[in-house]
Amino acid sequence: MHEFSIAEHLLGQVRGHLPPGGRLRGLSLRAGAAQAIDPEALALAWRALTEDQPERGSVLALERLPWRHACAGCGGAWTSDEALDACGACGLPSRPRGDFELTLLSMEVETDDPG
Ligand SMILES: [Zn+2]
């Protein structure tokens, strides 16, 4: 499953950034359209992966970048959540372009800091 390997990759990244004694409460991820991530599948994968781990209960927020469309007929450009779309002006099928970006944007960390 695509989403599971993404979740594993994320967990590795998170652990590389986590301060000693820090507990992960949440994280946010930005993914390009070409990653074709199913948000529900990713949330499930994250939960399964962190079930018996210190990261258990942390919340993963996903920001998906839209597809960028360009029309070969009239030169129109627009963005959409759909990979297949037609130009609103002349009706020609578009040429979609999506990013393969996968970026860990932020982490919410809790620490046991006495006092
Ligand atoms: Zn057009």
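Strands here are DSSP runs of E covering at least two residues, numbered from the N terminus. With that in hand, Glu82 is easy to place: it belongs to the loop between β4 (77-80) and β5 (95-97). What you're looking at is a predicted model, with 2 helices and 6 strands in the chain. Here's a quick tour, starting with the whole chain and then going through some individual strands and residues.

**The chain as a whole**

- Reading from the N terminus, the elements go α-β-α-β-β-β-β-β.
- The radius of gyration is 18 Å, while the globule rule gives 13 Å for 115 residues, so the chain is more spread out than a compact globule.
- If you box up the C-alpha atoms along the principal axes, you get roughly 65 × 30 × 15 Å.
- Of the 115 residues in the chain, 29% are buried.
- The accessible surface adds up to about 7200 Å², and carbon and sulfur atoms account for 51% of that.
- Take the contacts between residues at least 6 apart in sequence: 70% of them join residues at least 24 apart.
- On the charge side, there are 10 positive and 17 negative side chains, and the centres of the two sets sit 4 Å apart.

**Strand β1 and its partners**

- Strand β1 spans residues 22-31 and is mostly covered, with 7 of its 10 residues buried.
- One partner of β1 is strand β6 (residues 102-111), and the two pair in the antiparallel sense over 9 bridges.
- Within that pairing, Leu29 has Leu104 of β6 standing opposite.
- β1 also pairs with β2, this time running parallel, through 6 bridges.
- Ala31 has Arg64 as its bridge partner in β2.

**Ala61, in strand β2**

- Ala61 is part of strand β2, which covers residues 59-64.
- Is Ala61 buried or exposed? It falls in between: its relative accessible area is 39%, so it counts as partly exposed.
- Once you set aside neighbours within four places in sequence, Ala61 is in contact with Leu27, Ser28 and Leu29. Leu29 is also the residue that stands opposite Leu104 in β6.
- Leu42 is 19 residues from Ala61 along the chain, and their C-alpha atoms are 9.8 Å apart.

**The loop between β1 and α2**

- Two alanines to look at in this loop are Ala34 and Ala36; the helix that follows, α2, covers 39-50.
- Which residues does Ala34 touch, leaving aside its neighbours within four places in sequence? The contacts are Trp67, Gly98, Asp99 and Phe100.
- Phe100 is 66 residues away from Ala34 along the chain, yet their C-alpha atoms are separated by 5.2 Å.
- Ala36 has a phi near 45°, which is a positive value in a residue other than glycine. Most residues other than glycine have a negative phi.
- Ala36 counts as exposed because its relative accessibility is 55%, and the cut-off for exposed is over 50%.

**Ala45, in helix α2**

- Ala45 lies in helix α2.
- How much of Ala45 is accessible? Its relative accessibility is 2%, so Ala45 counts as buried; the cut-off for that is under 20%.
- Asp112 is 67 residues from Ala45 in sequence, and the two C-alpha atoms are 27 Å apart.

**Back to Glu82**

- Beyond its neighbours within four places in sequence, Glu82 is in contact with Trp67 and His69. Trp67 turns up among the contacts of Ala34 as well.
- How far apart are Glu82 and Glu55 in space, C-alpha to C-alpha? They're 33 Å apart, with their positions 27 residues apart in sequence.

Technical notes:
Residues numbered from 1 in each chain as written. Predicted model: local features only at pLDDT ≥ 70, side-chain atom pairs only at ≥ 80, totals over all residues. Heavy atoms only, no water. Helix = DSSP H or I, 4+ residues; strand = E, 2+ residues; numbered from the N terminus. Rg over C-alpha atoms; globule rule 2.2 N^0.38 Å. Buried < 20%, exposed > 50% of the residue type's maximum accessible area, 1.4 Å probe, protein only. Contact = heavy atoms within 4.5 Å. Areas by Shrake-Rupley, 256 points an atom, 1.4 Å probe, with all protein chains shown as cover. Lys, Arg positive; Asp, Glu negative; His and termini not counted. Charge placed at Lys NZ, Arg CZ, Asp CG, Glu CD. Pairing = 2+ DSSP bridges.
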